[in-house]
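Reader: I should be grateful for a close look at one part of this structure. Please set that part in the context of the whole chain.

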Amino acid sequence: MVKAALALERKVAIQAVLQASKVCQSVFKNLVSGETITKNDKSPVTVADFSAQAVVNTYLRQHFPTDPIVGEEDSKDLRGETGKALREKVHELTNGVFSSSEQLTEDKLLEAIDRGNYAGGATGRHWALDPIDGTKGFLRGGQYAVCLALIVNGEVQLGVMGCPNLPVDAKQPDGPRGSLFIAVKGEGAFQRSFTDSNETPIKFSDIKSTQEATFCESVESGHSSHSDSAKIAELLGITREPVRMDSQAKYCSISRGDGDIYLRLPVSETYVEKIWDHASGSLLVTEAGGAVSDVNGNKLDFSVGRTLLKNKGVIASKATIHSEVLKAVHEVLSKK
Ligand SMILES: Nc1ncnc2c1ncn2[C@@H]1O[C@H](COP(=O)(O)O)[C@@H](OP(=O)(O)O)[C@H]1O
Ligand SMILES: [Mg+2]
Ligand SMILES: [Mg+2]
Ligand SMILES: [Mg+2]
């Protein structure tokens, strides 16, 4: 039998994402004011973002001590007197996950979070971590995802995403929640629930034309233009209402056939997408029979650092309709 690629990495990533997801779930139940702060770019960050990053980074260090990590958060706001209250809360939450022999001191906690400070790049391997993607979704009780990817020589090789609020079966929206998605390059895309380790292969829906398609897009119109997507829908003959949700749960949804097309249409000239917002999701899509590019049809380039500096926006869809979707995107965006 051929040995599965990255078997240990896959196992550790699943364990890390599941534990971090559980921290997020317990924080949500008990979230009180003062546990959310606003970053310089006005985006929110909560005690759960910091704890989830500390948990994942600690698991990664235990198993792959020399692997660098590109993580969204850093410990700046947890340091000193001003960070004391937040730091103590994050410390308590993080240690709640670990056994008595694994307990972190406050210094080790800050160090664990800051292991996410790697600059990224084109050579060797590194992890990309978004401890909570869709922090706004998390705060509003909507969709969010713990997203972890392994990038080797600039190519995403493994992606694991935990979506605590995503129904295990989209046809039963009130049924059990907590869906975990896993993709290894060349080995397909899989889903399992948080509680049962059996994995089911997933793939895009079998729509034959764009008219049958459903869009999946950000809730935040400041992250992706809703008005441009409506024009693109019209060109493609799409009549179904777009499904809006926060986070990379969008990549997960289309990969299992709940929707068909994820558009991220730039709103600002200056915003540059971050690798942790797309690494795991884009691999899941390609492994499930989809295609991913930026709005100009270029491959997402994960080899240029912490951001997708060479790309603009994201278009993900079933592979068979991708060129048609791109054509409509081009038609709408070129008129602007
Ligand atoms: N102007 C902008 N355009 C596109 N994405 C943006 C943005 N400002 C912030 N984001 C990113 O959008 C992510 C959420 O995406 P979505 O809208 O699909 O839920 C945020 O991730 P975090 O929540 O991890 O900070 C953040 O990185
Ligand atoms: Mg953020
Ligand atoms: Mg994010
Ligand atoms: Mg985040």
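My question concerns the ligand: which of the residues around ligand 1 come nearest?

Author: In this predicted model, the residues around ligand 1 number 19, and Thr135, Ser218, His223, Asp246 and Tyr271 come nearest. By residue type, the shell around ligand 1 consists of 9 polar, 7 charged and 3 nonpolar residues. Two elements, β4 (125–133) and α5 (135–139), each contribute at least two residues to this shell. The most is given by β4, which supplies 3 residues. The shell also draws on both domains, with at least three residues from domain 1 (7–201) and at least three from domain 2 (210–334).

The division into domains therefore deserves attention before the strands are taken in turn, because the shell around ligand 1 takes at least three residues from each of domain 1 and domain 2. The domain assignment gives domain 1 (7–201) and domain 2 (210–334). The centres of the two domains, taken over C-alpha atoms, are separated by 23 Å. Across the boundary, 37 residues of domain 1 are in contact with 27 residues of domain 2. On the side of domain 1 that touches domain 2, two or more residues come from each of β4, α5, β5, β6, β7 and β8. The largest share of that side is the 7 residues from β6. That side of domain 1 divides into 20 nonpolar, 11 polar and 6 charged residues. Both β4 and α5 thus appear on two lists, that of the shell around ligand 1 and that of the side of domain 1 that touches domain 2.

The strands of domain 1 may be followed from β4 onwards. Strand β4 runs antiparallel to β5, and 7 bridges join the two. In this pairing, Arg125 stands opposite Val152 in β5. Strand β5 (residues 145–152) is mostly covered, with 7 of its 8 residues buried. A further 7 bridges join β5 to β6 (residues 155–167), again in the antiparallel sense. Leu150 has Leu158 in β6 as its bridge partner. The hairpin formed by β5 and β6 has 2 residues between the strands, and Asn153 in the turn has a positive phi of about 45°.

Strands β7 (residues 177–184) and β8 (residues 189–193) are antiparallel and pair over 5 bridges. Here Ala183 stands opposite Ala189 in β8. In the hairpin of β7 and β8, 4 residues lie between the strands, and Gly186 in the turn has a positive phi of about 85°. Strand β8 is also joined to β9 (residues 200–201), by 2 bridges and in the antiparallel sense. The bridge partner of Phe190 in β9 is Pro201, and the hairpin from β8 to β9 passes through 6 residues.

In domain 2, strand β12 (residues 261–264) has Ile261 and Leu263 pointing one way and Tyr262 and Arg264 the other way, and all are buried. Strand β12 runs parallel to β10 (residues 215–217), to which 2 bridges join it. Phe215 stands opposite Ile261 in this pairing. With β14, by contrast, strand β12 is antiparallel, and 4 bridges join the two. Leu263 stands opposite Ile315 in β14.

The loop between β13 (290–293) and β14 (314–318) contains Gly297. Gly297 counts as partly exposed because it has 14 C-beta neighbours inside 10 Å. Although Gly297 and Val314 are 17 residues apart along the chain, their C-alpha atoms are separated by 8.9 Å.

These parts belong to a chain with 9 helices and 14 strands. Its radius of gyration is 19 Å, close to the 20 Å that the globule rule gives for 336 residues, so the chain is as compact as a globular protein of that length. The C-alpha trace spans about 55 × 50 × 45 Å along its principal axes. Buried residues account for 48% of the 336 residues. Of the contacts between residues at least 6 apart in sequence, 70% join residues at least 24 apart.

Conventions. Residues numbered from 1 in each chain as written. Chains lettered and ligands numbered in written order. Predicted model: local features only at pLDDT ≥ 70, side-chain atom pairs only at ≥ 80, totals over all residues. Near = placed C-beta within 6 Å. Nonpolar A, V, L, I, M, F, W, Y, C, P; charged D, E, K, R; others polar. Domains from an automatic or database assignment. Buried ≥ 20, exposed ≤ 12 C-beta atoms within 10 Å, placed from the backbone. Rg over C-alpha atoms; globule rule 2.2 N^0.38 Å. Contact = placed C-beta atoms within 7 Å. Pairing = 2+ DSSP bridges.
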